[in-house]
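Q: Please take a close look at one part of this model, and then follow its connections outward. Which pairings, burial values and charged contacts describe it?

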Amino acid sequence: MEIEESEVRQQDDELIQLVTFSVGEEEFGVDILQVQEIIRTMEISNVPRAPEFVEGVINLRGKVIPIVDLRKKLGLEAREHDKHTRIIVIEISTMIVGFVVDSVSEVLRIPANTVEPPPPVVSGLESEYIDGVGKMEDRLLILLDLNQLLSNEEREALNIV
């Protein structure tokens, strides 16, 4: 079966829509379809005996949502929240989780053909939750799969939270 030239061109023209954000010195992107909303930080209630990377919980319109500090989860040093700090709210296998990030940059559309599979080790991060690396003109964008970021045990711990 031959592939039509228009089909090849369509694959080349396919765009991925991402929400981009910073954690530490790195710039990350997640598929916009994973993101429910992006909110400013609010008062986070501590939860006793929660995993170290869990900051606590928030009440978002009547729903209690566990909050994960992405800096701690990625092995970076914790940082005080500031006016740029945001919480990215996503759904992970029927559970709503908020991820604290240093700042949210933009919604970006990049051609699918500019994304390469992750190298075995990307900036010391384990590649199991890295979907790929987007090559931009002046920078690289690490594409995270937030569904893979938390292990089954960690998800169970969040359900208890």
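**Strand 7 and its surroundings**

A: Strand 6 (residues 86-92) and strand 7 run antiparallel and are joined by 7 bridges. The model is a predicted one, in which local features need pLDDT of at least 70 and side-chain atom pairs count only at pLDDT 80 or more, while totals for chains, interfaces and linings use all residues. Residues are numbered from 1 along each chain as its sequence is written, and side-chain values use heavy atoms, with hydrogens and water left out. Strands (E, at least two residues) and helices (H or I, at least four) are DSSP runs numbered from the N terminus, and two strands pair if DSSP finds at least two bridges between them.

Within this pairing, Ile87 stands opposite Val100 of strand 7. The hairpin formed by strand 6 and strand 7 has 2 residues between the strands, and Ser93 takes a positive phi near 35° there.

Strand 7 covers residues 95-101, and 7 of its 7 residues are buried. Here buried means under 20% relative accessible area, exposed means over 50%, and partly exposed lies in between (1.4 Å probe, protein chains only). Met95, Val97, Phe99 and Val101 point one way from strand 7, whereas Ile96, Gly98 and Val100 point the other way; all of them are buried.

Strand 7 also pairs with strand 5, in the parallel sense, over 3 bridges. Phe99 in strand 7 is the bridge partner of Val68. Strand 5 (residues 63-69) in turn pairs with strand 4 in the antiparallel sense, over 6 bridges. One facing pair in that arrangement is Ile58 and Ile65, the latter in strand 5.

These pairings belong to an open sheet of 5 strands in the order 3-6-7-5-4, with mixed pairing. Strand 3 (35-40) and strand 4 (54-60) each have a single partner strand, so one side of each is left without a neighbour in the sheet. From one strand to the next the twist averages 30°, where axes are lines fitted to C-alpha atoms (for helices over the stretch in contact) and angles run from 0 to 180 degrees between N-to-C directions.

The charged contacts come next. The structure holds 9 salt bridges, each defined as a side-chain nitrogen of Lys or Arg within 4 Å of a carboxyl oxygen of Asp or Glu. One of them joins the side chains of Arg71 and Asp102, at 2.9 Å from N to O. Arg71 is in helix 2 (residues 70-73) and Asp102 in the loop between strand 7 and strand 8, so this pair links distant parts of the chain, 31 residues apart. Arg71 and Asp102 are both buried.

Helix 2 also holds Lys73, whose partner Glu154 lies in helix 4 (residues 152-160), so that pair ties together parts that are 81 residues apart in sequence. The closest N and O atoms of the salt bridge between Lys73 and Glu154 are 3.0 Å apart. Lys73 is buried, with a relative accessible area of 17%, and Glu154 counts as buried at 18% relative accessibility.

Beyond the loop that holds Asp102, strand 8 leads to the other sheet. That open sheet has 6 strands in the order 8-1-2-13-12-9, and its pairing is mixed. Strand 8 (103-111) and strand 9 (115-116) stand at its edges, each with a single partner strand, so one side of each is left without a neighbour. Strand 12 (residues 130-135) and strand 13 (residues 140-144) run antiparallel, joined by 5 bridges. Gly132 stands opposite Leu143 of strand 13.

Glu27 is placed in strand 2 (residues 26-31). The relative accessible area of Glu27 is 16%, so Glu27 is buried. Leaving aside residues up to four places away in sequence, Glu27 touches Thr20, Phe21, Ser105, Arg139, Leu140, Leu141 and Ile142, contact meaning heavy atoms within 4.5 Å. The side chains of Glu27 and Arg139 are joined by a polar contact of 2.7 Å. Such a contact is a pair of N or O atoms within 3.5 Å; within protein, one must be able to donate a hydrogen and the other to accept it, and residues adjacent in sequence count only if both atoms are side-chain atoms.

The side chain of Arg139 also meets that of Asp138 in a salt bridge of 3.8 Å, N to O. Arg139 counts as partly exposed at 28% relative accessibility, whereas Asp138, at 66%, counts as exposed. A network of salt bridges links Glu27, Glu106, Asp138 and Arg139.
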